[in-house]
Amino acid sequence: LVHIIDVFNMQLAQLGTDYVDVYMLHTPPEDSSQLPAIWSALETLYDQGRARALGISNCDVNDLRTLLAIARVPPAYVQNLFKLYKPGEQMPTDEDIVALAQSMGIVVMGYSVQTAWPHILPPLEDPHVMSIASHLDRTPS
């Protein structure tokens, strides 16, 4: 776990700052018995004011429930893959992680790769994406 703190310190030095607004656990460990120690290290960074909020990425409903059961400082957000052209294929489960997270006051952020589908239409040139971007006065990216 010293490694977690060392990596965090290195990242802060590279960013040239002494804190981050959000620090994220990129992926829950395969061995869920490691999660309490890992999350505890992140909570230490939070307690020190060096991470103002904590988050988790690439987790499913079970991972989030496991984390919430052990977390003293719950995640402020969940960041997961949401595929533009294949909705519902993210992490198939009977329970919706977005609904669960929102019911717990956790913000959900989706990300998606920009690969063309079906290998001919780049997402940033998709008329639907461009229309939404235009409506929101934003760029497609």
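Asp 47 and Arg 72 form a salt bridge in this predicted model, and their closest N and O atoms are 2.6 Å apart. Asp 47 belongs to helix H2, while Arg 72 sits in the loop between H3 and S3, so the pair ties together parts that are 25 residues apart in sequence. Asp 47 is partly exposed, with a relative accessible area of 48%. Arg 72 has a relative accessibility of 52% and counts as exposed.

The structure holds two salt bridges. In the other, the side chains of Arg 52 and Asp 21 meet at 4.0 Å, N to O. Arg 52 lies in the loop between H2 and S2 and Asp 21 in the loop between H1 and S1, so this pair links parts that are 31 residues apart in sequence. Arg 52 is partly exposed, at 48% relative accessibility. As a general point, side chains of opposite charge can pair when their charged atoms come close.

**A buried arginine**

Arg 50 also lies in the loop between H2 and S2. Which side chain of opposite charge is nearest to Arg 50, and how far away is it? The nearest is Asp 18, at 7.9 Å. Arg 50 is buried and has no salt bridge. A salt bridge needs the nitrogen and oxygen to be within 4 Å, so the distance to Asp 18 does not qualify. The side chain of Arg 50 does make a polar contact of 3.2 Å with the side chain of Gln 48. Setting aside residues up to four places away in sequence, Arg 50 touches Phe 8, Asn 9, Leu 12, Asp 18, Tyr 19, Val 20 and Leu 45.

**The chain as a whole**

The protein chain has five helices and four strands. Read from the N terminus, the elements follow the order α-β-α-β-α-β-α-β-α. The chain has 141 residues, of which 30% count as buried. Among contacts between residues at least 6 apart in sequence, 61% join residues at least 24 apart.

**The nonpolar core**

The largest nonpolar core has 26 residues. Those that touch the most other members are Tyr 23, Leu 25, Trp 39, Leu 42, Leu 54, Leu 64 and Val 78. At least two core residues come from each of helix H1 (2–15), strand S1 (23–25), helix H2 (35–47), strand S2 (54–57), helix H3 (61–70) and helix H4 (97–103). H2 gives the most to this core, with six residues.

Val 78 shows how one core residue meets distant parts of the sequence. Leaving aside neighbours within four places in sequence, Val 78 is in contact with Ile 56, Cys 59, Leu 64, Ile 97, Ala 101, Ile 106, Val 107, Val 108 and Met 109.

**Helix H3**

Which residues of H3 are buried? They are Val 61, Leu 64 and Leu 67. Viewed down the axis of H3, these buried residues fall within an arc of 130°, so they line one face of the helix. They pack against H2, S2, strand S3 (77–81) and H4. Asn 62 and Ala 69, on the other side of H3, are exposed. At the start of this helix, a side-chain oxygen of Asp 60 comes to within 3.1 Å of the backbone nitrogen of Asn 62.

**Two residues with positive phi**

Most residues other than glycine have a negative phi. Asn 58 is not a glycine, yet its phi is positive, at about 55°. Asp 137, also a residue other than glycine, has a positive phi near 55°. The table sets out where these residues lie and how accessible they are.

| Residue | Place | Relative accessible area |
|---|---|---|
| Asn 58 | loop between S2 and H3 | 18%, buried |
| Asp 137 | segment after helix H5 (127–135) | 67%, exposed |

Asn 58 takes part in polar pairs through its side chain. A polar atom of this side chain lies 3.1 Å from the backbone oxygen of His 26. The side chains of Asn 58 and Ser 57 are joined by a polar contact of 3.2 Å.

How values were computed: Residues numbered from 1 in each chain as written. Predicted model: local features only at pLDDT ≥ 70, side-chain atom pairs only at ≥ 80, totals over all residues. Heavy atoms only, no water. Core = buried A, V, L, I, M, F, W, Y, C linked by side-chain atoms within 4.5 Å. Buried < 20%, exposed > 50% of the residue type's maximum accessible area, 1.4 Å probe, protein only. Contact = heavy atoms within 4.5 Å. Arc of directions from axis to C-beta. Polar contact = N/O pair within 3.5 Å; in protein donor to acceptor, adjacent residues only side chain to side chain. Lys, Arg positive; Asp, Glu negative; His and termini not counted.
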